[in-house]
Amino acid sequence: MVLLEAGRVGDGGSGRNVGLVNAGLWLPPDTVAARLGPVAGEALNTALAAAPDRVFDLIERHGIACEARRAGTLHLAHAPSGLRDLRRRAGQAQARGAPVALLDAEETARRTGSARFHGALHDPRAGTIQPLAYARGLARAAAAAGARLFEHSAVVAADHHGGQWVLRTNGGKLRARRLLIATNAYHRPTEGTRLPDLPLVSFFQIATEPLGDNIGGDILPGGEGCWDTGTVMTSLRRDAAGRVILGGMGEGGRIHEGWARRKLAHLLPRLADAPLAHVWSGRIAMTGDHLPRILRLGAGGLAVFGYSGRGIAPGTLFGAAAATALLSGDETALPVPAVDSHSEAVAALRTLGFEMAARMVHLVSARL
């Protein structure tokens with residue numbers, strides 16, 4: 001196996017995401033079943049429910065040092081309407097045997113250290129990781145198994161003839177019988193491929209300096225990772241060093257960073273003046289129906305994309321399943337049926353719309 005990476009392993013969303021290892025998609029399971037049909041939809045729900053197991057098993061098997069902690073996640077109700085949504089999600093998940101629990105505002109405050117939420121949905125199947133360390137740990141495990149990894153090797157053309165794929169990079173050519181493209185929100189124009197343009201959502205994060213127990217001891221003491229029910233979503237977690245990491249939609253810059261500082265003080269007033277150590281951002285590839293896609297590229301070629309904000313567990317599942325299907329020639333075990341074409345209407349306009357919506361919300365909330 002050969003990996004051709006345009007930058008360095010983890011440069012894209014794989015290393016820049018929030019670090020939540022969730023079971024399922026952003027969509028509730030009933031919606032997944034409605035959009036894919038009862039058979040394919042429930043097959044995907046079942047596969048994704050077990051996807052965190054796959055992630056944490058890989059971490060343990062290969063000894064990946066990525067701050068893995070399986071304390072679950074908290075989906076936080078930012079408003080009474082959010083709590084109603086969480087109640088529906090809890091019912092749907094519990095009907096499928098998921099061990100989720102709906103928490104009231106008091107218990108949510110105890111678990112988060114913030115009194116600003118109306119409740120939360122706790123999912124103990126989930127957990128958190130340091131995403132960049134996970135991506136690089138997988139790369140090391142692949143190399144140890146015999147894979148050859150080439151960084152700074154962007155593919156500029158991919159053609160299929162004579163029963164082989166011929167990939168041209170900025171440094172040479174590679175011939176392969178099978179091709180898997182997993183560039184997602186960071187795909188670059190590549191001659192000979194027909195991947196669709198996707199709407200992109202930017203997501204930025206800020207991290208405080210490490211906090212001691214005197215300041216941060218009651219902030220997420222159980223180690224859960226969080227995100228809220230807001231349309232313009234906010235995320236919250238702590239890392240192994242004690243940093244508080246808050247994220248929000250947007251590509252960064254003064255508007256978003258100013259909002260993040262105010263939001264942090266709103267949720268956790270004692271952190272109003274906490275020094276910030278890091279700021280970074282990444283991109284999320286969205287699909288119109290928020291379902292991932294597996295696209296056939298031709299003989300022996302597949303592309304996976306469109307996790308819509310749920311990249312770690314679904315991405316791990318989809319990548320492994322697509323690779324297995326390519327090697328075996330059998331697509332029956334794919335988590336969603338492969339398609340021969342896919343398009344997203346006005347992708348660039350929707351990308352702009354996502355960013356403008358985030359800026360508007362963050363400007364309006366200047367006085368939290």
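1. Angles between helix axes under 35 degrees count as roughly parallel, over 145 as roughly antiparallel, 65 to 115 as roughly perpendicular and the rest as oblique. The axes are lines fitted to C-alpha atoms, for helices over the stretch in contact, and the angles run from 0 to 180 degrees between N-to-C directions. The model under discussion is predicted, so that local features need pLDDT of at least 70 and side-chain atom pairs count only at pLDDT 80 or more, while totals for chains, interfaces and linings use all residues. Residues are numbered from 1 along each chain as its sequence is written, and side-chain values use heavy atoms, with hydrogens and water left out.

2. Helices α9 (254-267) and α11 (residues 347-364) form the initial pair for comment; helices (H or I, at least four residues) and strands (E, at least two) are DSSP runs, numbered from the N terminus. The axes of α9 and α11 cross at roughly 45 degrees and come within 9 Å. The two helices are therefore oblique to each other. The crossing of α9 past α11 is left-handed (the near helix is turned anticlockwise from the far one by less than a right angle; clockwise would be right-handed). On the α9 side the contact (heavy atoms within 4.5 Å) is made by I255, H256, W259 and R262, and on the α11 side by E355, A358, R359, H362 and L363.

3. What span should α11 have at 1.5 Å a residue? For its 18 residues the expected value is 26 Å, and the end C-alpha atoms are 26 Å apart, which agrees. The expectation is taken as 1.5 Å times one less than the number of residues.

4. The buried residues of α11 are A347, E355, A358 and H362, where buried means under 20% relative accessible area, exposed over 50% and partly exposed in between (1.4 Å probe, protein chains only). Seen down the axis of α11, these buried residues fall within an arc of 80 degrees, so they line one face of the helix; the arc is that of the directions from the helix axis to the C-beta atoms. An α-helix has 3.6 residues a turn, so residues three or four places apart point the same way. The buried residues of α11 pack against β12 (200-208), β15 (244-249) and α9. On the face turned away from the buried side, α11 carries the exposed residues L349, M360 and V364.

5. A second helix pair is formed by α2 (residues 29-36) and α3 (residues 38-49), whose axes come within 6 Å and cross at roughly 140 degrees. That makes α2 and α3 oblique to each other, and their crossing is right-handed. From α2, residues P29, V32, A33 and L36 meet P38, A40, G41, E42, L44 and N45 of α3. Following α2 is G37, with a positive phi near 95 degrees.

6. Within α2, the buried residues are P29, V32 and A33. Viewed down the axis of α2, they fall within an arc of 95 degrees, so they line one face of the helix. Their packing partners are α3 and α5 (80-95).

7. Two residues other than glycine have positive phi values and may be inspected together. N184 has a phi of about 50 degrees and is found in the loop between β11 (179-181) and β12; with a relative accessible area of 23%, N184 is partly exposed. S308 has a phi near 55 degrees and is found in the loop between β18 (301-305) and α10 (312-328). Is S308 buried or exposed? At 5% relative accessibility, S308 counts as buried.

8. G119 is placed in the loop between α6 (105-112) and β5. With a relative accessible area of 0%, G119 is buried. Not counting residues up to four places away in sequence, G119 touches H75, L76, A77, L83, L86, L103, D104, A105 and T108. G119 and P189 are 70 residues apart in sequence, and their C-alpha atoms are 44 Å apart in space.

9. D123 lies in strand β5 (residues 120-123) and counts as buried at 9% relative accessibility. Leaving aside neighbours within four places in sequence, D123 is in contact with A23, G72, T73 and V100.

10. A313, in helix α10, counts as buried at 1% relative accessibility. Residues up to four places away in sequence not being counted, A313 touches V21, N22, A51, P52 and V55. The C-alpha atoms of A313 and L174, which lie 139 residues apart along the chain, are separated by 30 Å.
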